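User: Could you take a close look at one part of this model for me, the place where the two domains meet? A connected account would be lovely.

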Amino acid sequence: MRKKISSILHAIRYKIFAAVFWILFWQLLSMAVNKSILLASPATTVMAFVDLVYKAVFWKSIFFSFAKIMTGFSMAVGVGILFAVLAWKFLLIKELVNPFMKVVQATPVASFIILALLWISSRNLSILTSFLMTVPVIYTNVLHGIRSTDEKLLEMAKVFRINPLRKIRYLYIPAVAPYFFTASTVGLGLCLKAGIAAEVIAIPKNSIGEQLYTAKLYLMTGELFAWTFVIIVISVITEKLFTVAFARVLKAVT
């Protein structure tokens, strides 16, 4: 028990040391540049962040962007799983879906954003962008997960005539879970970056993208860094919450 506590304390110390090291490095670099318009210092960024927190538009922008991006992510998860199952079951579906997924993966994000602006409003652009960036990752990994299911266990289930629902619960879900978890964590990072990039180009009202664009336009570097920090925090918190939720759901299901 003591060894475990000691190792945890050591890990915390190392993390604190790493954080302090990079903050000091950032401070020294900003002092060397000596132009806050090019590189805001940690203190300037913190002051800009505190100033933002007291503004209603700060919370509106976070809610708007997060809701839109998570909508796109949720749609991608649903569609990715559905098409992975269909592609595993039917060869024709696989041959039809694979080219689309490869094209989406190969096309630059900026191209999608500009093309999508021709089809939908700027307020919903981040939904489509997040969806397109995430769905190939979910589809590919879930399909690999289904195919990785132990053939011997499936054969045994067939011999003992185990019903399909129990096979899904005890054979397929445990096999797919690691692939799905990896795909989802990667997809979360991708959709947040792609969704906010779409907002910077489309500039929907009361969005994080609009705030970033405004800060850049008026050379408010401290505010630009503060919004970047907010995006990083949202990404980390979202991933942590997803990890906890996924572990609990998987434990309950299997």
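Here is a walk through that interface, with its setting.

Analyst: Happy to help! This is a predicted model, in which local features need pLDDT of at least 70 and side-chain atom pairs count only at pLDDT 80 or more, while totals for chains, interfaces and linings use all residues. Residues are numbered from 1 along each chain as its sequence is written, and side-chain values use heavy atoms, with hydrogens and water left out.

First, the setting. The chain has ten helices and zero strands (DSSP runs numbered from the N terminus: H or I of at least four residues for helices, E of at least two for strands). Its C-alpha trace spans about 75 × 60 × 30 Å along the principal axes.

Now the two parts. Domain 1 covers 1-34 and domain 2 covers 40-253, with bounds from an automatic or database domain assignment. Taken over C-alpha atoms, their centres lie 30 Å apart. Four residues of domain 1 and five residues of domain 2 make the contact, meaning heavy atoms within 4.5 Å.

The size of an interface is often given as the accessible area lost when the parts come together. Here domain 1 and domain 2 bury about 350 Å², with 74% of it on carbon and sulfur atoms (accessible area lost on being put together, 1.4 Å probe, summed over both parts). On the domain 1 side, Trp 26, Gln 27 and Ser 30 supply 91% of the area buried against domain 2, more than any other three residues.

Finally, the rule finds zero salt bridges across this interface, a salt bridge being a side-chain nitrogen of Lys or Arg within 4 Å of a carboxyl oxygen of Asp or Glu.

Methods:
Buried area = accessible area lost by both parts, 1.4 Å probe.
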